[in-house]
Amino acid sequence: MQDRPSVRELLDAVRAFLEEDVVPALEGPRQFHARVAANVLDIIGRELAGEEASLLAEWQRLAQLTGGASEPPPRLEALRAAVREGTAALAERIRRGDADPFRDAVRAHVRATVEDKLRVANPRFVRS
């Protein structure tokens, strides 16, 4: 880990270079691909900025719906795995029809999860 420039500063610098210098100098498919690359860097930046908080919120909702652990995993990679496992457990409950009694809570969870993912992938698609 470096002190400066930060990961965010590096991403912003490369994105700005692509948008300000590379994209205007290109045409056709190459210009499009440079725009896509700049957008990917924006997505990565948003993912890095909010991943842990988003995963924690998703884990908490899943734990309520599935009766999972009361304490979240202490490390990010373990939290990612716990969210995957919780999602799989909830999907299995839905397939079995066990989620019907708490259908509204499941819908609220899915909606919140999709909105969190859209805020990363393309914030313009999330209604305020």
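Which side chains meet in a salt bridge at 2.6 Å, N to O? They are the side chains of R80 and E77, and the pair serves here as a way into a model that is predicted. R80 and E77 are three residues apart in helix α3, which spans residues 76-96, and so they are separated by about one helical turn. R80 counts as partly exposed, at 24% relative accessibility, and E77 likewise counts as partly exposed, at 47%.

From this pair we can step back to the whole chain. The protein contains four helices and zero strands, and from the N terminus on its elements run α-α-α-α. Along its principal axes the C-alpha trace spans about 60 × 35 × 25 Å, and the radius of gyration is 19 Å, whereas a compact globule of 128 residues would have a value near 14 Å. Of the 128 residues, 27% count as buried, and the accessible surface comes to about 9,200 Å², with 56% of that surface belonging to carbon and sulfur atoms. When contacts between residues at least 6 apart in sequence are considered, 54% of them join residues at least 24 apart.

The salt bridges show how such links look in detail. A search of the whole structure finds 13 salt bridges, and R8, D12, R15, E19 and D42 are linked in a network of them. R15 is a useful residue to follow through this network, and it is found in helix α1, which covers residues 7-25. Within that helix, the side chains of E19 and R15 meet in a salt bridge at 2.8 Å, N to O; because the two residues are four apart in helix α1, they are separated by about one helical turn. E19 is partly exposed, with a relative accessible area of 36%.

R15 also reaches outside its own helix. The side chains of D42 and R15 meet in a salt bridge at 3.0 Å, N to O. D42 lies in helix α2 and R15 in helix α1, so this pair ties together parts that are 27 residues apart in sequence. The side chain of R15 also makes a polar contact with the side chain of D42, again given as 3.0 Å. Is D42 buried or exposed? D42 counts as buried, because its relative accessibility is 19% and the cut-off for buried is under 20%. Leaving aside residues up to four places away in sequence, R15 touches A38 and L41 as well as D42.

Helix α2, which runs over residues 28-66, also contributes to a feature of the surface. A nonpolar surface patch of about 520 Å² is made by V7, F32, V36, V40, I44 and L48, and the largest share of this patch, five residues, comes from helix α2. One of the patch residues is F32, whose place is in helix α2. F32 is exposed, because its relative accessible area is 52% and the cut-off for exposed is over 50%.

Another residue of helix α2 is Q64, which counts as exposed at 71% relative accessibility. How far apart in space, C-alpha to C-alpha, are Q64 and H109? The two are 10.0 Å apart by that reckoning, while 45 residues separate them in sequence.

Methods. Residues numbered from 1 in each chain as written. Predicted model: local features only at pLDDT ≥ 70, side-chain atom pairs only at ≥ 80, totals over all residues. Heavy atoms only, no water. Patch = residues over 30% accessible without salt bridge, like charges linked within 9 Å, V, L, I, M, F, W, Y side chains within 5 Å. Areas by Shrake-Rupley, 256 points an atom, 1.4 Å probe, with all protein chains shown as cover. Salt bridge = Lys/Arg side-chain N within 4 Å of Asp/Glu carboxyl O. Buried < 20%, exposed > 50% of the residue type's maximum accessible area, 1.4 Å probe, protein only. Polar contact = N/O pair within 3.5 Å; in protein donor to acceptor, adjacent residues only side chain to side chain. Contact = heavy atoms within 4.5 Å. Rg over C-alpha atoms; globule rule 2.2 N^0.38 Å.
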